[in-house]
Amino acid sequence: MPPTNFKPDDYKGMSKEQLMAIRRKNCNPMTMKITYYKKPVFIHQGHMQWMWDVDGRRYLDLFAGVATVGVGHCHPKVTAAVVKQMKTLWHTTNIYVQPALHEYCQKLTSHLPDPLKVVYLTNSGSEANDLAMLMARLYTGNFDIITFRGSYHGGTMQTMGLTSNSPYKYPISTSTGCVNAMCPDVFRGPWGGSHCRDSPVQTIRECNCAQGYCMANEKYIGDLKETFATSLPSRVAGFFGEPIQGMGGAVQYPKNYFKEAYKLVREKGGICIADEVQTGFGRTGTHFWGFQGYDVIPDMVTMAKGIGNGFPMGAVVTTPEIAESFVKAYHFNTFGGNPMACAVGSAVLDVIKEDGTQQNSLKVGTYLMTEMAKLRDKYEIIGDVRGKGLQIGVEMVKDKASRTPLPPDAMNGIFEDIKDMGVLIGKGGVYGQAFRVQPPMCITKEDVDFFLAVFEKAIRNYMARN
C-alpha cells in the first residue's frame with residue numbers, strides 16, 4: 001500500500017458491538033439491508049484518498065462515498081472554507097440577499113455554456129431531479145418523460161418513476177408518465193462493436209463498420225424511434241440521460257447517440273436534461289461535464305454528489321426561458337443555497353482548478369483503464385472495462401462468449417477479498433454484475449498500481465476457490 005504522512009486520530013468512541021446493536025435497533029432497517037460486506041467496515045476518519053476504520057486500519061477509497069468525495073476527504077481548503085463560514089453565518093434563506101449564494105451561483109454558471117445560466121440550489125440529487133421533472137412539465141405543457149433502462153435518477157416518489165433499476169423501486173404507484181427506453185449499452189445490449197464509445201478501452205465485440213459510421217448507434221436510435229411511435233404521445237416533456245450511467249455500472253453509449261436523441265426529443269416538444277450527479281465536476285477527465293463529451297448542450301443540467309465533496313447539496317441549472325415558467329407559483333427551499341453549502345461549493349470549484357483534479361482524473365483514469373484492460377484480456381470472467389476519467393466500470397461475466405453476469409455470490413466473494421486487502425470499491429449494474437471505480441480525483445498512479453495488484457489477487461483467489 002502506498003505510504004501517507006497523515007496520522008489519524010485514535011478512535012475513542014463506542015465499540016463495534018455497540019454500533020451494530022444501535023444500527024439494528026435504532027437505524028431504519030434499510031440501513032442494515034444496504035450495509036456493504038459480510039464483515040462491515042467501521043469508518044472513523046478520512047484524508048484525501050484514504051480512510052481509516054475504528055481499529056486504525058487504512059483503506060484506499062476508490063468509491064468516494066458513492067462518487068461523492070471528488071477532491072478528497074477533508075480537503076484542507078474545503079474544510080477551511082466551511083469553518084470560516086460557520087464562524088460568520090450558519091444559515092439564512094433566500095428571502096434575504098446573502099453574498100455566499102450570489103457569489104457561488106455566478107461561479108458555478110461560469111463553468112456552463114450559454115444559455116445555461118440560471119441556478120436552483122437543492123439538498124440532493126434526488127431533489128434536483130424531482131425539481132427538473134416539474135420544471136420540464138411546466139415549461140413544455142407536456143407530461144411524459146423518457147429515461148434509459150438501468151438508469152438511476154433518485155429515490156423520491158417522482159424520481160422513482162425515472163429510475164429503471166428494479167432493486168430501487170417499491171411495489172407501489174410511483175410517478176406516472178415515465179417511459180424507460182432501451183439503454184444503448186454497446187457491451188451488454190443487442191448491438192455493439194469495437195469503436196462505439198468515447199473511452200480509452202473499447203468492448204471485446206467485433207465491428208465491421210466503415211469509418212464514421214456506427215451500426216450500433218443507428219440500431220439504438222431506431223429503437224428509440226420505435227419507443228416514440230409505440231409508447232409515447234405525440235408530444236413529450238423531456239428526456240433524462242446520465243452521460244455515463246452510474247448505478248447501472250458505468251455504462252457508455254455510442255458516441256453520437258445523445259446528439260441524435262436530443263434532436264428527436266426536441267422535435268417532440270421536449271427538453272433534454274443531463275443528469276450530471278455522478279459525471280460532473282471534471283470526473284470524466286476530458287471535460288468538466290459529461291455531456292460535453294457528446295458535443296451537445298442540454299436544456300437543463302442536474303448535479304449533486306461532487307458539487308459539495310460530501311456536503312449535502314445539489315443544483316438544477318437551466319435557461320432563463322425555462323426558469324421563467326417556474327414562477328407560476330411559489331417555490332421555497334429552506335436549506336437550498338444555505339451559506340455553508342455555498343461556501344463549500346465555491347471552495348470545491350477552486351480546488352478543482354488549483355489542484356488540477358480534472359487533468360489528474362484523465363491521466364490516472366486512462367492509466368487505470370488501460371492496465372485493467374490487460375487483466376480483462378487475461379481472465380475469462382472480466383467481460384468489459386469501460387468509462388472515462390475516473391468514472392469506471394468493470395463488468396464481470398461467467399464467460400466472454402455468453403456475457404452471462406457473474407452470480408451475486410461470486411461477485412460478493414471477490415468484493416470482500418478486495419476490501420480485506422485494503423481497497424474499497426463499489427458495485428452496480430442491473431444484475432449487480434459490475435464493479436464501480438469512482439475514487440476521489442486526487443488518487444495517484446501508485447494507488448492504481450496497488451489496486452491492480454489487489455484486484456488481480458482477488459480474481460486469482462476466486463479462481464482457486466472455483
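Here are a few notes on the two largest pockets in this predicted model.

1. Let's start with the largest pocket. The space inside comes to about 1,700 Å³. If you want to find the middle of it in the viewer, look for Lys 33, Ile 34, Thr 35, Tyr 36 and Tyr 168, which lie nearest the centre among the 47 lining residues.

2. Which elements give two or more residues to that lining? There are four helices and a strand to pick out: H1 (16–25), H2 (29–33), H3 (64–67) and H13 (408–420), plus strand S14 (426–428). H13 makes the largest contribution, with five residues.

3. What sort of residues line the largest pocket, by class? The count runs to 28 nonpolar, eleven polar and eight charged residues. Try colouring the lining by class to see how these are spread out.

4. Now for the second largest pocket, which holds about 420 Å³ of space. Its lining is made of 19 residues, and the ones closest to the centre are Asn 94, Val 119, Tyr 120, His 331 and Phe 332.

5. Two elements each supply at least two residues here: helix H5 (99–109) and strand S4 (118–122). Which of them should you click on first? Go for S4, as this strand gives the most to the lining, with four residues.

6. How does the lining of the second largest pocket divide by class? You'll find 13 nonpolar and six polar residues, and no charged ones. Set that beside the largest pocket, where eight charged residues are part of the lining.

Conventions: Residues numbered from 1 in each chain as written. Predicted model: local features only at pLDDT ≥ 70, side-chain atom pairs only at ≥ 80, totals over all residues. Heavy atoms only, no water. 1 Å grid on protein atoms, 1.4 Å probe; cavity = no way out; pocket = protein on both sides within 12 Å on 5 of 7 lines; lining within 4 Å. Points joined across faces, edges and corners; volume = space filled by probe spheres on them. Nonpolar A, V, L, I, M, F, W, Y, C, P; charged D, E, K, R; others polar.
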